[in-house]
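Biologist: Hey, got a minute to walk me through this one? I'd like to start with the inside and then move on to the strands and helices.

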Amino acid sequence: MIGPFAHDALLIALPILMLGIVLAPVAVRTGRREWIPVVYSTLYTNFLLVSTATVAMIVALVTHDFSVSYVAQVGSRATPLFYTVISLWGALEGSILFWAWVLALYGSVVVWLNRNRPGNLIPYTALALLAVSLFFGILLVGPANPFHPVFPIPADGPGPNPLLQNHILMGVHPPLLYLGYVGMTVPFAFAVGAMLSGEVTGDDWIKLSHRWTLLSWGFLSAAIVAGMWWSYEVLGWGGYWAWDPVENASFLPWLTATAYLHSMVLQERRGMLRLWNVNLVVGTFVLTVLGTFLTRSGIISSVHAFTVGVIGYYFLAFIALVLIGALVMVAGNSDRLRTSGRMDSAASRETVFLLNNLFLTAFMFTVLIGTLFPLIAEAIRGVKVSVGAPFFNRMTLPMVVMLLFLMGVGPALPWRSATAAEMRSKLLPPLVGAFLFCVGALVAGARNFYGVVAFTFVGYAAVANLREYWIGLRARRNAHGEGWATALYRLIRGNQRRYGGYLAHLGLLIAALGIAGSSSFRREREMTMKPGDTLTVAGQTIRLKGVWGREEVQRSVIGATVEVLKNGRVVGVIEPRMNYYPTSDQPVPTPQVRSTIGGDLYLTLMSFDPNGAHATIRAIVQPLVSWIWFGGGVIVLGALIGMLPARRRPDSSLSEPDVVPVRGAVVAETAP
Amino acid sequence: MTRRQSAIVAVVVALGAFAWLLYGNLDKNIVFFLTPQELLAKGADGYEVPVRLGGQVKPGSVQWDAKTLDLRFVITDGTAEIATRSKGAPPQMFHDGMGVVVEGRYERSGLFQATNLLVKHSNEYRPPKAGEKPQDMYKTLIKGTGS
């Protein structure tokens, strides 16, 4: 009877959320500050109630309680425990429940950490969090109710979608994505709170939300890379990005959030872009909801779109409400959102940040239009079309190249205005990196224009960002006589946002190298082989040893044993497989990769003869693929460093003139 | 012109250029999803443009050469049919009468050159019908080589 109990918990949460939503503006307007803790406690209560429902769902899944509709839909007694637990986010209703739980968690922590802050910013921020929570609460008792009673109770269920129980990354990618996606609600809530309370001029909301944005951005970056990795490891075509609508959905808010991470600095330092930043934050939030709409409404068919139902209309209505509300709030604050600073010179870091925002926004609109176009075409003209990958590649590659270029120039230029001597000393040395990478790419055989340009700019930007570390380290060592490790630690601790940012740049550059390398030098061959046959691709030789079958607990497996040969000796064994799940009549191809730092050998079993006489193997050789995953790790590390609580007395003795230690006081206020 | 006016002109020019690029590239890279009947109805416009062709594999039309990896079959929607050629092994469950989507170009010779073959993969769960269980279908291999 855990189902009705959990459903009741979700039902009770609704009036509590509504109470908070009504009480927050009343308490502020009438000056009854003693009611504000009550507003906050509605968020905490909601967290407890949604947590109860989430735990109940996990218990129902693990105990195979098929009287709960969601368990009857995705559960199966044969599924291993790990995949049973993670099927919490394996289908629509469970994923909305998990979403609501993450949102409740974020909301409670945000408000708890800032509960003693005077002023009206936090009560109104709580109001925004409550409103978004209410939307998901309504979904959970309405169109996405996971706790419908099922009668008669089935003896067993079908188990999760085969594609979603085929790889361990399914336990990693979705939660990271939710943490990133849902986390973008926090800066949005701060922006709404600032506009409702009229506290947008003070820029406090930017300072308070900065670490939350960075946290969500780090999760989202990790989620996108984990999704690419999953796609690479599971889907069997040897690629990791196809401009699929669901991939685009995760990428769109990442682009605007990245733009915001840069433009917020202009507001903090120079009082510029106030209006623009509010728009970016609202836009990022709307894009996360739009992404959820695209992937969860069934409007596009993919592994992420679970069912076709009415839930899409709820999302559309919510997006419309958010946009209209944001418009009204921005209009009401138009005087306060005016820019107070101005540009001093075109040769400055401000210019680079503005261009960065320009290209990231254009990038976002390109991907958005390419993603939505098929929906619009079908709605207006009634034709079914898709937008081919060449559209995305041709449109975005110039922007990617520009962004790589800016990534090298930005860190080198000072704020306000650069002298000619400064520009020479900062901009010229990285040309060495550009030259080396360009020659390296040409020697390795790259001939595609954008590939070579990308390698060149990656080289430039890598040297430029590394050089910032080097300059700081050298200065510390000379001034304080510190060892390398101490100097590096103190350098980062002295200005973690800046050096975290450079590290994230380097991670992105490493990933860019992986992408440019693997797409420029991909070689692939497919062959039907008899046991003993060999196949050579790009200098790598493989030999088919045999085809076999095996029964596993939840599936049957057909696999091929393939030996990797070097100078006639066996140096490794790869076993690409096909997994057959009882609920699907189609096998899930399960490629296997032999990964080294230089490149991957990727084998897929395409088809086999039921007697084991032959098998068709596709072999793909791609250099540098693992650099993408490694780069993703470095990006996350950069985000983590940027989030470190500032030391109370920042060691500014060696800071460059543009390093203003304003963070200390602000972050200390939000620290627990 | 004042500073403000020139800024506005710059923004309008940039937006116009961006929109023009978007339009031009979209126009060139839209892939229509068509049935054989719809593709044939396009006449000369249907040749040599990227198309996604959807339909059923006509029973008895599949020819596959495992040596050259040359796969030929006919896609039908009941009224019209189009001969299709694809390179590479067919998906393991490829069989007569199943729904497929092929991406490629319709050549003037009347042959559809597919670069990509997608089997219609339903994500809706349904219990397998009798004789459809993969365990039943691949028992030979599982018994034959053991584990």
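Modeller: Sure, let's go through it piece by piece. Keep in mind that this is a predicted model.

Biologist: OK, so how many residues does the largest nonpolar core have?

Modeller: That core has 182 residues. The ones with the most contacts inside it are Ala100(A), Ala126(A), Ala191(A), Val458(A) and Ala512(A).

Biologist: And which helix gives the most to this core?

Modeller: That's helix 9 of chain A, residues 204-234, which puts in 17 residues.

Biologist: You mentioned Ala512(A). What does Ala512(A) touch?

Modeller: Leaving out residues up to four places away in sequence, Ala512(A) touches Leu404(A), Ala454(A) and Val458(A). Val458(A) was on that list of residues with the most contacts too.

Biologist: What about the second core, which residues does it include?

Modeller: It's separate and has 24 residues, among them Met527(A), Ile558(A), Tyr580(A) and Leu605(A).

Biologist: Let's switch to strands. In what order do the four strands of the open sheet come?

Modeller: The order is 2-11-10-9 in chain A, with antiparallel pairing. Strand 2 (523-529) and strand 9 are the edges, so to speak: each of them pairs on one side only.

Biologist: How much are neighbouring strands turned against each other?

Modeller: By 20° on average, ignoring direction.

Biologist: And what joins strand 9 to strand 10?

Modeller: A hairpin does, going through three residues. Strand 9 (residues 592-595) and strand 10 (residues 599-608) run antiparallel and are joined by four bridges. Gln592(A), for instance, stands opposite Leu603(A) in strand 10.

Biologist: Then how many bridges join strand 10 to strand 11?

Modeller: Nine, and that pair is antiparallel as well, with strand 11 covering residues 615-623. Remember Leu605(A) from the second core? Its bridge partner in strand 11 is Ile617(A).

Biologist: Where do side chains point in a regular strand?

Modeller: In general, they alternate between the two faces of the sheet.

Biologist: Nice. New topic: helix 10 of chain A. Is it mostly covered or mostly uncovered?

Modeller: Mostly covered, since 22 of its 26 residues are buried. Helix 10 takes in residues 245-270 and reaches 37 Å from its first C-alpha to its last, close to the 38 Å expected at 1.5 Å a residue.

Biologist: Where does helix 10 bend?

Modeller: At Leu261(A), by about 25°.

Biologist: And what comes just after helix 10?

Modeller: Gly271(A), which takes a positive phi of about 65°.

Notes: Residues numbered from 1 in each chain as written. Chains lettered and ligands numbered in written order. Predicted model: local features only at pLDDT ≥ 70, side-chain atom pairs only at ≥ 80, totals over all residues. Core = buried A, V, L, I, M, F, W, Y, C linked by C-beta atoms within 7 Å. Buried ≥ 20, exposed ≤ 12 C-beta atoms within 10 Å, placed from the backbone. Helix = DSSP H or I, 4+ residues; strand = E, 2+ residues; numbered from the N terminus. Contact = placed C-beta atoms within 7 Å. Pairing = 2+ DSSP bridges. Axes fitted to C-alpha atoms, helices over the stretch in contact; angles between N-to-C directions. Expected span 1.5 Å × (residues − 1). Bend = angle between axes of the 7 residues up to and from the residue.
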